[in-house]
Amino acid sequence: MEVFVIEGGHPLNGEVCISGAKNAVLGLIPAAILSGGSCKIENVPHINDVNKLIDILEKIGAEIYKEENTLIIDTSRHIAHDCSDFQEEMGKMRASYYLLGALLGRYRQAVVPLPGGCNIGDRPIDQHIKGFEALGANIKIEHGLVKMEADRLIGANIYLDVVSVGATINIMLAAVCAEGTTIIENAAKEPHIVDVANFLNLMGGSVRGAGTDTIRIKGTQGMYGCEYSVIPDQITTGTYMIAAAATGGNVLIKKAIPKHMEAVSAKLREMGVIIEESVDSLRVIGKRPLKAVRVKTLPYPGFPTDLQQPMAVLMTVASGNSTITETIFENRFKYIDELRKMGADVVINGRVASITGVEKLSGTKIAATDLRAGAAMVVAGLMADGETRISNIEHIDRGYENFESNIRELGGIIRRETP
Ligand code: EPZ
């Protein structure tokens, strides 16, 4: 099992380009099944979750050609609607659940293993099921498989009891091929929802209102292939912003969308970090001392839950008492124990982490407990005194393209070792 070895105390300086958004492309790849043709998707990040999803799609019949950061996905041949043979690999990732909506939309039937994903909470899919049933699907969940079939898919009004990114996208995938109009209310508004809606519209779909809490989908028959480019990754952008601030560096983050970062920029500015925005880039200049701040994670456009962990790392060296409240997932503080090994002063009370700033963290052996916690541990190591060794870094490889090479190019001292 590989580890990252980091020598802390070196400010990050220079430029970094942001790759395509993981949580957008993991919706776009299954959505291509609906085209029954050939879809070209550019700006696809080289990350393991994408590789796993490509592998699954090929196993059920799609033909996929990869060159650099471009995928050409041909689903003109019949795609198997039954994915039960891939229970193991699909149980390791969250986004495999999008095959439910895509296969139901195209074939009116689907057998897909229950999804896995980061261990940050219960992660039910009841809202996905609620949407599919509203569209006319009969659903059974047995032996770890979600089995769905529908004579017809009929447009429906669906109110999401919980603002859910996955359920919003999954219902869009099935509704775009239904008869009549579907309205999703209390929909998630993340940038990646808009990306998937734009892609569906290029395939001949009719999706209106993505990015608001009410999405209208007019069912259309005869979808077709298209060309698309994935938006930059909001969470990767925020991770580099926080790393620049944490190391007192000066980093130009290119191919980013400042608008998507508003909540993160606002909180970093409150801490005293300098952020200069232009059309497609942000310059982040870390300043010391950092001021304590209060953060609450919320659905977009609020502060993203996926940046809760890196932000908490920054707060550990802010002067005063910061708090971070996790309102989305019920178990997303497991990494705090790792930070305490580095000298962080954190008290957890339910969904609130109260952080008292210390002078410095000190490097030691720690572990990545999930994808975003892993990135947060790297930020901690970069700003800590001495050497930090991070194990379980396979979590990080799921969602960050060229992470250690980008950090090295910015002047960070990090290497991958196989102990
Ligand atoms: C997506 O997960 C992302 N994953 C997560 O990113 C992200 O943290 C999350 O959205 C929130 O932005 C992918 O896109 C692959 P949700 P998802 O459905 O769809 C509850 C990362 O690090 N809920 O928006 O699973 C759920 O328990 C990952 O890139 C239900 O109750 O998130 C949670 O409390 C981590 N019933 C809340 O809603 C449901 O049917 C938000 O979950 C679905 C969700």
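This is a short walk through one protein model, from its overall build down to a few single residues. The model is predicted, so please hear every value as computed from it.

I'll start with the whole chain. The protein contains 14 helices and 23 strands. For 419 residues, a compact globule would be expected to have a radius of gyration near 22 Å, and the protein has 21 Å, so the two agree. Laid along its principal axes, the set of C-alpha atoms fills a box of roughly 65 × 45 × 40 Å. Of the 419 residues, 58% are buried. On contacts: take the pairs at least 6 apart in sequence, and 72% of those join residues at least 24 apart.

Next, a pair of helices. Helix α1 covers residues 22–31 and helix α4 covers residues 98–107; their axes lie 9 Å apart, at an angle of about 25°. Angles under 35 degrees count as roughly parallel, and α1 and α4 are therefore described that way. The crossing of α1 past α4 is right-handed. Which residues meet there? From α1 they are L26, G27 and P30, and from α4 they are Y98, L99 and A102. Sorted by class, that contact has 5 nonpolar residues, 1 polar residue and no charged ones.

Helix α4 comes up again when we move to helix α5, residues 126–134. The buried residues of α5 are Q127, H128, I129, G131 and F132. What covers them? The cover includes α4, along with the strands β7 at 138–142, β8 at 145–149 and β9 at 157–159, and also α6 at 165–175. After α5 comes G136, with a positive phi near 115°.

One more helix before the single residues. Helix α10, residues 308–315, is mostly covered, with 8 of its 8 residues buried. Among them are Q308 and Q309, as well as P310, M311 and V313.

Now three individual positions, starting with T237. This threonine sits in helix α8, which runs over residues 234–246. Is T237 buried or exposed? Its relative accessibility is 2%, and T237 therefore counts as buried. Setting aside neighbours within four places in sequence, T237 is in contact with I18, I253, A256, M261 and L282. As for E409, it is 172 residues away from T237 along the chain, and the two C-alpha atoms are separated by 16 Å.

The second position is H260, in the loop that joins β14, at 250–254, to α9, at 262–270. H260 has a relative accessible area of 15% and is buried; the cut-off for buried is under 20%. Apart from neighbours within four places in sequence, H260 has contacts with P191, I231, Q234 and Y300.

The third position is K365, in strand β21, residues 365–367. With 63% relative accessibility, K365 counts as exposed, the cut-off for that being over 50%. Not counting residues up to four places away in sequence, K365 touches K341 and R389. From K365 to A375 is 10 residues in sequence and 15 Å in space, C-alpha to C-alpha.

To recap the three positions: T237 is buried at 2%, H260 is buried at 15%, and K365 is exposed at 63%. That's the end of my part.

Methods
Residues are numbered from 1 along each chain as its sequence is written. This is a predicted model: local features need pLDDT of at least 70, side-chain atom pairs count only at pLDDT 80 or more; totals for chains, interfaces and linings use all residues. Side-chain values use heavy atoms; hydrogens and water are left out. Axes are lines fitted to C-alpha atoms, for helices over the stretch in contact, and angles run from 0 to 180 degrees between N-to-C directions. Helices (H or I, at least four residues) and strands (E, at least two) are DSSP runs, numbered from the N terminus. Angles under 35 degrees count as roughly parallel, over 145 as roughly antiparallel, 65 to 115 as roughly perpendicular and the rest as oblique. A crossing is left-handed if the near helix is turned anticlockwise from the far one by less than a right angle, and right-handed if clockwise. Contact means heavy atoms within 4.5 Å. Ala, Val, Leu, Ile, Met, Phe, Trp, Tyr, Cys and Pro count as nonpolar, Asp, Glu, Lys and Arg as charged, and the others, Gly among them, as polar. The radius of gyration is taken over C-alpha atoms; the globule rule is 2.2 Å times the number of residues to the power 0.38. Buried means under 20% relative accessible area, exposed over 50%, partly exposed in between (1.4 Å probe, protein chains only).
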